[in-house]
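Me: I am new to this one. Please show me the structure, and then let me ask about it step by step.

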Amino acid sequence: MRSWLVAAAAAAIFAVPGAAMAQGPIVIKFSHVVAADTPKGKGAEKFKELAEKYTNGKVKVEVYPNSTLYKDKEELEALQLGAVQMLAPSNSKFGPIGIKEFEVFDLPYILPTRVALRKVTDGELGKRLLKLLEPKGMVGLAYWDNGFKEMTANKPLRKPEDFKGLKFRIQSSKVLEAQFRALGAIPQVMAFSEVYQALQTGVVDGQENTASNIYSQKMHEVQKFMTMTNNGYIGYVVVVNKKFWDDLPADIRAQVQKAMDEATVYTNNISKSENDTALEDIKKASTTTIVIPTAEENAAMRKAMMPVYQDMYSRLGKPIIDEFLKEAGGVTN
């Protein structure tokens with residue numbers, strides 16, 4: 001795959017912004033791995049609409065959803081090589097390329113509410129995290145929400161013991177790996193595009209995701225139970241290739257940033273309603289039983305996952321975890 005990416009990147013050299021201005025519109029390839037009918041998918045389409053409008057057609061945005069260009073493990077390398085200009089990877093995906101601080105978003109129950117989330121992403125901590133991307137050849141433009149994660153499996157997941165021995169698909173994240181090991185489950189890293197088939201064939205027994213991702217990928221059709229754990233958060237960082245961004249004419253860059261800012265407000269405003277609608281659609285499908293844990297069951301789940309924080313002090317650094325907790329007001333016990 002890498003040789004193919006290098007070839008694609010070499011071809012992209014002939015479409016640098018300066019040359020494109022003389023020959024036609026500047027093309028921004030925006031690749032992502034989820035369905036178009038999700039908060040991220042709709043956000044990408046809104047950005048396309050606004051960027052083309054504000055630049056009077058000087059910019060053309062091509063959106064590639066559902067891993068049609070790149071899968072999870074490929075997309076960041078493609079961006080760094082210049083084969084694609086824009087992505088919106090989940091926070092987890094920056095850990096494997098050496099920016100492990102973003103994995104703090106994966107810690108269980110660290111974000112109690114969306115209000116707490118905004119305090120982090122809109123504050124100094126959020127801005128400082130984005131700055132860490134630049135030495136890796138990318139610029140962070142925005143934080144986009146999806147929502148809070150629920151657990152699915154072919155058995156009810158009410159208490160920690162229910163996870164013992166189950167194979168759970170995870171994104172590539174040491175935090176998520178530690179989380180499922182704390183529950184006695186077996187974490188398996190897998191590309192998002194492969195999850196449905198893996199669940200269908202029994203390669204994995206369960207997964208965690210937002211309702212909109214579960215519904216749009218039809219995971220509810222191959223999982224009998226969905227437990228409303230709200231144990232974690234899925235969000236994205238919209239990133240652009242740094243050289244491409246820096247080479248844009250200043251007026252075009254400002255117009256594209258304006259489009260991104262407005263698309264971000266739109267995406268974050270619709271994310272909750274999109275997940276609420278998806279949950280209702282899952283209920284209507286009647287293929288999955290929705291499990292609502294009791295207060296005692298929720299407390300037991302939290303207690304079982306709390307050792308993950310101690311485990312992650314050495315990887316992420318206690319100061320950033322403590323700062324995140326202070327900003328978000330998360331409760332760890």
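Me: In what order do the strands of the open sheet stand?
Reply: This is a predicted model. Its open sheet has 5 strands, and their pairing is mixed. The order is E2-E1-E3-E10-E4.

Me: Which strands stand at the edges of that sheet?
Reply: An edge strand has a single partner, so one side of it is left without a neighbour in the sheet. Two strands fit that description: E2 (59-64) and E4.

Me: How many bridges join E4 to E10?
Reply: E4 and E10 run antiparallel. Within this pair, Gly140 stands opposite Val239 of E10. The number of bridges joining E4 to E10 is 9.

Me: At what angle does H11 run to E4?
Reply: Helix H11 covers residues 250-285. H11 lies across E1, E2, E3, E4 and E10. Helix H3 lies across these strands too, running at about 165° to E2. For H11 and E4, the angle is about 15°.

Me: How far apart are the end C-alpha atoms of H3?
Reply: Helix H3 has 16 residues, 39-54. At 1.5 Å a residue, H3 should span 22 Å, and the model agrees, with the end C-alpha atoms apart by 22 Å.

Me: Which residue with a positive phi follows H3?
Reply: H3 itself has buried residues that include Phe47, Leu50 and Tyr54. After the helix comes a residue whose phi is near 55°. That residue is Asn56.

Me: Within what arc do the buried residues of H6 fall?
Reply: In helix H6 (residues 124-131), the buried residues are Leu125, Gly126, Leu129 and Leu130. They line one face of the helix, because seen down the axis of H6 they fall within an arc of 140°.

Me: Which residues on the other side of H6 are exposed?
Reply: The buried residues of H6 pack against H5 (114-121), E4 (138-148), E10 (233-241) and H14. The other side of H6 has exposed residues. They are Glu124 and Lys131.

Me: Which helix gives the most to the largest nonpolar core?
Reply: This core holds 55 residues, and Phe105, Leu107 and Leu111 touch the most other members. One helix, covering residues 318-328, gives 5 residues to the core. That helix is H14.

Me: Which residue of H6 is in contact with Phe105?
Reply: Beyond its neighbours within four places in sequence, Phe105 has contacts that include Tyr143, Tyr233 and Phe324. Another of these contacts is a buried residue of H6. That residue is Leu129.

Notes: Residues are numbered from 1 along each chain as its sequence is written. This is a predicted model: local features need pLDDT of at least 70, side-chain atom pairs count only at pLDDT 80 or more; totals for chains, interfaces and linings use all residues. Side-chain values use heavy atoms; hydrogens and water are left out. A nonpolar core is a set of buried Ala, Val, Leu, Ile, Met, Phe, Trp, Tyr and Cys residues joined through side-chain atoms within 4.5 Å. Buried means under 20% relative accessible area, exposed over 50%, partly exposed in between (1.4 Å probe, protein chains only). Helices (H or I, at least four residues) and strands (E, at least two) are DSSP runs, numbered from the N terminus. Contact means heavy atoms within 4.5 Å. The expected span of a helix is 1.5 Å times one less than its number of residues. The arc is that of the directions from the helix axis to the C-beta atoms. Two strands pair if DSSP finds at least two bridges between them. Axes are lines fitted to C-alpha atoms, for helices over the stretch in contact, and angles run from 0 to 180 degrees between N-to-C directions.
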